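The exercises below ask you to read a model step by step, each with a worked solution. Please keep the sequence and the coordinates at hand as you go through them.

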Amino acid sequence: MTEDFRWRLFFGNKCPSCQKAKRPRTAFCKLCFLALPVGMRGKLWLHFRQGYEAAFDQCLEFLAVKFNRERYKYGATGSTEGIRGQN
Ligand SMILES: [Zn+2]
């Protein structure tokens, strides 16, 4: 996943895990956020380039496993067009 891609997800209004609405400037929607272990939630407060990327990927993977969600599919350009959720 490219950095720019994560950045856009962060400022977007769609939860990257469940595809439902989320507030911009948050990594996930409230429900997904609350489903994360406390230790992982805390890492999402890290800044970009200072650990956020790895934490975000880890959380996304955790949620995918926990809820048996389809993983993100990334276009060659890292655009959000390739994203497809499940449900
Ligand atoms: Zn969500």
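**Exercise 1.** Which residues does phenylalanine 56 touch, not counting residues up to four places away in sequence?

Solution. The model is a predicted one, and in it phenylalanine 56 touches Arg6, Ala27 and Leu44 once residues up to four places away are left out. Phe56 is also one of the buried residues of helix 4, and it belongs to the largest nonpolar core.

**Exercise 2.** Work out what span the 15 residues of helix 4 (residues 52-66) should have, and then locate the buried residues of that helix.

Solution. Begin with the length: at 1.5 Å a residue, helix 4 should span 21 Å, and its end C-alpha atoms are indeed 21 Å apart, so the two values agree. Next, list the buried residues of helix 4, which are Phe56, Cys59, Leu60 and Leu63. These cover an arc of only 100° around the axis, and therefore lie on the same side of helix 4. The spacing fits a general rule: an α-helix has 3.6 residues a turn, so residues three or four places apart point the same way. Finally, turn to the other side of helix 4, where Ala54 and Val65 are exposed; just after the helix, asparagine 68 takes a positive phi of about 55°.

**Exercise 3.** Determine which element gives the most residues to the largest nonpolar core.

Solution. The core has 10 residues in all, namely Cys15, Ala27, Phe28, Cys29, Cys32, Leu36, Phe56, Cys59, Leu60 and Leu63. Helix 4 gives the most to this core, with four residues.

**Exercise 4.** Decide whether phenylalanine 28 is buried or exposed, and describe its surroundings.

Solution. Start with its position, which is in the loop between helix 1 and helix 2. Then count neighbours: phenylalanine 28 has 25 C-beta neighbours inside 10 Å, and because the cut-off is 20 or more, it counts as buried. Beyond four places in sequence, phenylalanine 28 is in contact with Cys15, Pro16, Ser17, Lys22, Phe33 and Cys59. Of these, cysteine 15 is 13 residues away in sequence, with a C-alpha to C-alpha distance of 5.0 Å.

**Exercise 5.** Establish where pLDDT stays under 50, and how the coordinates there should be read.

Solution. Consider the chain as a whole, whose mean pLDDT is 83, with 78% of its residues at 70 or more. Over residues 74-87, however, pLDDT stays under 50, although the model has 19 contacts beyond four places in sequence for them. Where pLDDT is low, the predicted coordinates should not be read in detail.

Methods
Residues numbered from 1 in each chain as written. Predicted model: local features only at pLDDT ≥ 70, side-chain atom pairs only at ≥ 80, totals over all residues. Helix = DSSP H or I, 4+ residues; strand = E, 2+ residues; numbered from the N terminus. Expected span 1.5 Å × (residues − 1). Buried ≥ 20, exposed ≤ 12 C-beta atoms within 10 Å, placed from the backbone. Arc of directions from axis to C-beta. Core = buried A, V, L, I, M, F, W, Y, C linked by C-beta atoms within 7 Å. Contact = placed C-beta atoms within 7 Å. pLDDT = per-residue confidence, 0-100.
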